[in-house]
Amino acid sequence: MDIARTPSTPDGNPEMADAAAEPKAPATIRREDYRPFPWAVPQVALDFTLGLTRTRVATTLTVARNPAAEPSPTLRLNGDEIAPLSVAVDGEAVNSWAMDGGDLVITLPGEQHTIEIATEIDPSANSQLMGLYASNGMLCTQCEAEGFRRITFFPDRPDVLSTYTVRMNGPKREFPVLLANGNRVAAGEEPDGTHWAEWHDPWPKPSYLFALVAGDLVCNADTFTAASGRQVDLGVWVRAEDLPRTQHAMESLKRSMKWDEEAFGREYDLDAFNIVAVSDFNMGAMENKGLNVFNTKYVLADDETATDGDFDAVEGVIGHEYFHNWSGNRVTCRDWFQLSLKEGFTVLRDQLFSQDMGSAPVKRIEDVRVLRSVQFPEDSGPLAHPIRPDSFQEISNFYTATIYNKGAEVIRMMRTMAGPERFRRGTDLYFERHDGEASTCEDFVSAIEDGAGLDLGAFRLWYSQAGTPRVSAVLSHAGDTATLELRQEVPATPGQPDKLPMPIPLRVALFDRETGRHAGEQQVVLDAAQASFAFLGFANRPVLSINRGFSAPVAIERTTSAEDLVFLAAHDDDPFARYEAMQDLVVGHLRKSIDGSLDDTARAAGRAAIRSAFAATLADPALDDLMRGELMILPGETYLAEQMLVADPAAIHREREALKAYLGSELEGELTALHARAAAVPFSREAAARGARKLKTQALVFLAAGVPELAAQMAARQYDAADNMTDRQGALMVLAGLDTPERTHKLLDFYNRYRGNALVVDKWFALQAQSLHPHGLEHVKALARHPDFTLKNPNRVRSLYMAFAGSPHAFHADSGEGYRMIADLILALDPLNPQTAARFVPPLGRWRRIEPRRAALMRAELERIAAAPQLSRDTHEQVSRSLG
C-alpha cells in the first residue's frame, strides 16, 4: 500500500468507553507475543448480493488444524461493526458459537470443517472507508490493514493465506462492471435485470489483499507481453469523464512490468491486471492481487490538469503497487510488525524504477528531501519507532515515513555494501526461499546475507533501533596523509534510552583544490562509536566530500569551511554531494542568523558566500536545468528546525525569508534572464522542457521575496500564457503568497476554470492553505466554509488542513490559533474517519522541540483532544504517545 505521498514542494507541503466514563486505553499488541494461528484456512468462497445501502455476504471457509501451531478447538474470527445472520458448521446450523467483543468464536471438535457465515452491511454508511464502502455510486473495498473484518468474519491477520473464489450479483444498471482479484472465470445475466460474475485467484493471499469493485466504469484496455511470451490483459477503470486522463497511467504500468522483469527478474503471474481509480480513499493506492485500487490522484493526469510532479507521482505509485505483486503479495508479512518487509523493500524498488525512468540524481535528491522533512522529525519526536516496531495499539498508525522511507534507506544500504549484482543475487534467493509464504524482516536480511555474501550481524540493529544517527566528520592533514575521524551517536528515543553503534556505509572522496578533481571514490564503514581512516598521497590538505549519494540515512556534522562548501557546490561530481554542499552552506548561515551569533560583518560575509554559490549555479553551462532547479531550492523550515534542539518557528521563517529576499534582490538580473530563457522553451514532456518549467517557478520564488512587484507581474503573465498545469500552478503558488490584486484575479480564474475537476480544486485549496500570505490563517478559516469543502473526502481534507499544518509560519501563528484549528479538525474528523484524523496529530506532537510558549499551547491542544470521550484507537494512541 502506498501512503498518500508527501510532495517535495519547492517552497513553503476499540472499543469505545461510555461517553460519561473515563476513556479506556486500547490494548497494546506486542511482537514478542506472536503465535501462529491454530487453524489454516486454505479456501475461501464469498458470495455478494450487492447494493449501495444493503449488501449481503455469504462466506464459506474451509478450515483445518494448523500443524505448526499449538492445538486449540477454538476458531476466533475477527469482526468489526458486523453481526452474523447465521452460522453453520459442515452444513448444519450450530449454537456452539459466541460473540467476544466484535469477534465470532466457534468451538470445533474435529480436524477439518467447513464454516458458513452470513452477514449484511450498509456500504453507504461506511464513512471510515475501510472494508466495503460506497463512493460516488460505486462499491469498492480497502482491507489493509484490518478492513476485511468489516465485511465478514475471518482470522484477519497476514499469516493466514487462502485461495479466494468470489461471486458477485447485482443490478446491471447500477453495477455494470464487476471486478475482483485474480481471473474472471464466469459471468452471466438474469431475467430480473441483475447480472453476476465469478472471479478466482489461484495464488494464496492474506485477507488484507482481498478486493472487490462494482460500478459504472469504463476501461482503458491494453495488453502486455511478458518475458515468457504470455499475454496479460491490462485495464485502467475510471468514470467515463475521466477516461482521457488515463493513458499516462497505462504507459506507467507497462513500463513497470517491463522494468521488474529486467531489474529483479519478476514476471507477472495472472491473466489480467486491473487498476480502478476511486475518489474517496484514505491512502495513495492498494496492491490487492490483480486488482489495484487507487486514489484518483495517482491515476488521472494530462498536461492541462497535472503538473510534472503529478506525472512523476502517478508513475511512481503505479510502479510501487505493481512491484508489490512479488514484494508483498507472493511473499507477504508474517505479522504487521514486519510491515517494512514489504513496504520498505517496495519503496526502494519504486525509487530505483523512477531513477531509471527519469533523472537519477534529481530523484535521489527529491527522496532525501522527503526523508528529511517527514521521517527525520518523526525519528526525533515522541512517535519515533524502529522500522520493525515492537508494539502498537492501532496498526494504521504505523504506515509511517519510518516504515516506508527509512525502511527503503536501510535496504538501500545493503545494496550499497553489496553492489547491485550481489544484491540482486540476495533478492533472487529471498523470492526463491519464501514464495507463497508469510515472512519476516529476518528472513529478508538472511537471504541478502547468504545471497550477497555479506556479514549483516551488527547491521540488524537498523531494524531494532529508532532514531537518526548523527555522524561527526573531521578531516585533518599532516605530511602526505589525510586522516578522517568519524564518530557516531544514535540519540535516545522513547523506550530506547541507550543505543549501540550501527554499521554506517559512507561513500567519500577527497578533492584536490587546485585541479578540482579527486583520485576516486571510496566506501568506508563506520561500525564502532568512533574510527579513523587514513588516506595517503595528499601533499596539500584535500576537500572532503562525504555521504555521497546519501549512502546512509544519517545526519552528518562536518567542520567544513564556507570556502570549501562553495568549492564543493561548484566542483563536486556527485550530484547529491553538490546539492548537500549548497544546503550545508545555507543551513550553517541560517543557524547562526537565527541564534543571533552573527554580527553585521559575519552576516554580510555569509550572505556573500551563498550569493556566490547561487550565482555560479545559475550560470554553470554544464548543469541541466532539472538539476539547476534542485540546487536553487533552499532548506525547508521543518528541516531547519530539526537542526536545533529547541526551535523558534517565527525566527526560522523570518531569517529564511530574509535570505531569500536578499538573493532575489541581489540576483534580480540573473533570475529574470533565466526566467526569460526558460519561457522560450516550448512545452514537451522531455527533460529539457521539464527543467525549464522548474526554473521558471524557482526564479519567481526568489523574485517574489526580493522584488515582489516585479514577481507579481511576471507570475501573472506566466499564468495567462500557460499551456500546461506546471506553469499555471507554479505562477499561482507565487501569487497566492503575495498581497496583490493579481492574487485574487488568478485564484478566481483558476477555480472557475477547473471547478468541475475535484483533483484540481484540491490544488486550489492547497495553494492557498500553504501560501506565504500574511493572512493565511484567515484564508484557511474561510476555505473551510467553502461549499466545495467536505470532511467526508480525505483528499479534500488533506488539501486544506495538511497543507496548512505543513506551512510553519501559519500553523505556528503567535496566537496559537493554528494549533486550535488542527485540534478542532481532529475532534470533528475522528468519529467519521479515525485513520485520517490520527494523521493530523504528529504536527502537534512536535511540541517538545518548539520554544516554551508555543510548546505550552501545542500541549494544551493535545490534552484537550485526549480528554474527549469515545476517542478512536487510532487517535488515542497518537495523542497519548505525543503527550508521553
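Strands here are DSSP runs of E with at least two residues, numbered from the N terminus.

**Figure 1. Asparagine 547 in the loop between strand 31 and strand 32.** The model is predicted. Strand 31 covers residues 543–546 and strand 32 covers residues 555–558, with asparagine 547 in the loop between them. Phi of asparagine 547 is near 55°, a positive value in a residue that is not glycine. Most residues other than glycine have a negative phi. Because buried means under 20% relative accessible area, asparagine 547 counts as buried at 2% relative accessibility.

**Figure 2. Asparagine 136 in the loop between strand 10 and strand 11.** Strand 10 spans residues 131–135 and leads into the loop that holds asparagine 136. Asparagine 136 is not a glycine, yet its phi is positive, at about 50°. The relative accessible area of asparagine 136 is 54%. Exposed means over 50%, so asparagine 136 is classed as exposed.

**Figure 3. The cis peptide bond between glutamate 144 and alanine 145.** Omega of this bond is about 5°. Most peptide bonds are trans. Alanine 145 is placed in the loop between strand 11, residues 138–142, and strand 12, residues 162–171.

**Figure 4. Helix 3, residues 339–357.** Helix 3 has 19 residues. From its first C-alpha to its last, helix 3 reaches 27 Å, close to the 27 Å expected at 1.5 Å a residue. Of the 19 residues of helix 3, 17 are buried, so the helix is largely enclosed by the rest of the structure.

**Figure 5. The second largest cavity and its lining.** The space in the second largest cavity is about 50 Å³. Its lining consists of Ser127, Leu791, Lys792, Asn793, Pro794, Val797, Leu829, Leu832, Asn833 and Thr836. Five of the lining residues are nonpolar, four are polar and one is charged.

**Figure 6. The whole chain, as context for the close-up views.** The chain contains 28 helices and 32 strands. Along the principal axes, its C-alpha atoms fill a box of roughly 90 × 65 × 60 Å. The radius of gyration is 28 Å, which agrees with the value near 29 Å for a compact globule of 884 residues. Of the 884 residues in the chain, 60% are buried. The accessible surface of the chain is about 32400 Å², and carbon and sulfur atoms account for 51% of this surface.

Key. Residues are numbered from 1 along each chain as its sequence is written. This is a predicted model: local features need pLDDT of at least 70, side-chain atom pairs count only at pLDDT 80 or more; totals for chains, interfaces and linings use all residues. Side-chain values use heavy atoms; hydrogens and water are left out. On a 1 Å grid over the protein atoms alone, a cavity is a set of points where a 1.4 Å probe fits but cannot get out, and a pocket is an open set with protein on both sides within 12 Å along at least five of seven lines; lining residues have an atom within 4 Å of a point. Grid points are joined across faces, edges and corners, and a volume is the space filled by probe spheres set on the points. Ala, Val, Leu, Ile, Met, Phe, Trp, Tyr, Cys and Pro count as nonpolar, Asp, Glu, Lys and Arg as charged, and the others, Gly among them, as polar. Helices (H or I, at least four residues) and strands (E, at least two) are DSSP runs, numbered from the N terminus. The radius of gyration is taken over C-alpha atoms; the globule rule is 2.2 Å times the number of residues to the power 0.38. Buried means under 20% relative accessible area, exposed over 50%, partly exposed in between (1.4 Å probe, protein chains only). Accessible areas come from the Shrake-Rupley method with a 1.4 Å probe; for residues, only the protein chains shown count as cover. The expected span of a helix is 1.5 Å times one less than its number of residues.
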